[in-house]
Amino acid sequence: MSHIKEYIDKLTRCYERYTEYVKRNPAATAQMESTVRTLSYLIAGRFADSHEISELVYSASNLLVLFNDSILRKGLKCAFSVSLSQQRLLTWLSVLEYLEVFLEMGAFKLWGDIGRWLVIGLIQIFKAIFRLVLLLWYKSGIQTSPPIVPLDRSADLTDDGSGEKEDEPCFVGERSGRVIRPLGSASSLQNRMWGAPTQKKKSRRRSLTGENLHSKATALSLQETIAESVYIGRPLIHLLSLGLCGKQSWKPWLISGALELSSYAVLSDTKFQNRWERAEMRRRTFLLLYYLLRSPFYDKYSAEKIHFLLRLLADHIPGIGLVARPLMDYLPIWQKIYFYNWG
């Protein structure tokens, strides 16, 4: 019993050290996350089962970003402006989205095609339930992907992560309101920041916390709520029609496209107030192009033209072959993964 307690104490100390490191070094943490993600790209296609391991590493990198972001939010006291139950729901939905491709691959490896489709159906049911609860119960507006938008850590955040420092000494004009730094507090010419001292800190804090943490979602009308509900239920309807009509039938493709276009037509006219909502609508606009890569349209029309274009670029433009040829090899694998294609 004492050994277990000692082991738990060691894990607690390691966790505390790691959280302190993340708070003090957000830029270095972002580099670590990028390294793990790059490793997943390098693993793919190198050996047997490399695609499954590559997807596992990629999923782990996304979970690492989610975990580190939660540490930074707690350290900077910029938590979500939502209830604790909604935060947990968003977290579980994010974890499910990050793991869905790996779970599909793993299910196919262990239980074959039947197990794969069973896992796909369960994941889509849980995702639809979570999103409908967020939409209808919590009034969270349009659902983003990922549900928790990662923090922007491009700025240098060391000062904010290690605690608030005192403001730099400065003089504020009574009538003009202009902020002027005294000559004695100015840094060297090479390191000098020419903006006002208070503006630097504010812009840095704003870039980290993000608009999505403090602003509430744009309220949806009844028609817009129905359109978003249609978008959320589209994957389940597509799976059902796929099971009834078969993989080679045009009906699932047409039904899914009609539902997505009708939802988009309604929501595209909405004046969204938040940056993350507008980004989600841009993402949905881009995802409409995926119908060119989805079967049966891809098998009958797109595949031959896309391969011809990639082969032409690879043969006649120097350097393009380094990207085009692996892409041609990866397209058949990409087509087999449901969550790559339809998720």
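This note goes through the main pocket of a predicted model and then its aromatic and charge–ring contacts.

1. The largest pocket holds about 1,500 Å³ of space. Its lining is made up of 48 residues, and those closest to the pocket centre are E55, Y58, V101, W334 and Y340. By class, the lining of this pocket comprises 24 nonpolar, 14 charged and 10 polar residues.

2. Several helices contribute to that lining: α2 (26–43), α3 (50–75), α4 (84–137), α8 (222–245), α10 (275–287), α12 (321–336) and α13 (338–341) each provide at least two of the residues. The greatest contribution to the lining of the largest pocket comes from α4, which supplies 8 residues.

3. Turning to the rings, the model contains 15 aromatic pairs. One of them joins W117 and Y338, whose ring centres are 5.6 Å apart and whose planes stand at 70°; because an angle over 60 degrees counts as edge-to-face, this pair falls in that class. The contact brings together distant parts of the chain, since W117 belongs to helix α4 and Y338 to helix α13, with their positions 221 residues apart in the numbering. The two partners can also be described by their accessibility: W117 has a relative accessibility of 24% and is therefore partly exposed, whereas Y338, at 3%, is buried.

4. A further pair is formed by Y290 and W334, with ring centres 5.7 Å apart and planes at 65°, so that this pair, too, is edge-to-face. Here again distant parts of the chain are linked, as Y290 lies in the loop between α10 and α11 (297–316) while W334 lies in helix α12, the two being 44 residues apart. Y290 is partly exposed, its relative accessible area being 22%, and W334 is buried at 13%, because buried means under 20%. W334 deserves a second look from the reader, as this residue is also among those closest to the centre of the largest pocket.

5. Beyond individual pairs, ring pairs connect W250, W253, Y291, F297, Y301 and W342 into a cluster. One member of this cluster, Y291, also has a charged neighbour, for the charged end of R294 sits over the ring of Y291 at 4.5 Å from its centre.

6. Which ring lies beneath the charged end of R284? That ring belongs to Y231, and the charged end of R284 is placed 3.8 Å from the ring centre.

Conventions
Residues are numbered from 1 along each chain as its sequence is written. This is a predicted model: local features need pLDDT of at least 70, side-chain atom pairs count only at pLDDT 80 or more; totals for chains, interfaces and linings use all residues. Side-chain values use heavy atoms; hydrogens and water are left out. On a 1 Å grid over the protein atoms alone, a cavity is a set of points where a 1.4 Å probe fits but cannot get out, and a pocket is an open set with protein on both sides within 12 Å along at least five of seven lines; lining residues have an atom within 4 Å of a point. Grid points are joined across faces, edges and corners, and a volume is the space filled by probe spheres set on the points. Helices (H or I, at least four residues) and strands (E, at least two) are DSSP runs, numbered from the N terminus. Ala, Val, Leu, Ile, Met, Phe, Trp, Tyr, Cys and Pro count as nonpolar, Asp, Glu, Lys and Arg as charged, and the others, Gly among them, as polar. Rings of Phe, Tyr and Trp (its six-membered ring) pair if their centres lie within 6.5 Å; planes under 30 degrees apart count as stacked, over 60 as edge-to-face and the rest as tilted. Buried means under 20% relative accessible area, exposed over 50%, partly exposed in between (1.4 Å probe, protein chains only). A charge sits over a ring if NZ of Lys or CZ of Arg is within 6 Å of the ring centre and within 35 degrees of the ring normal.
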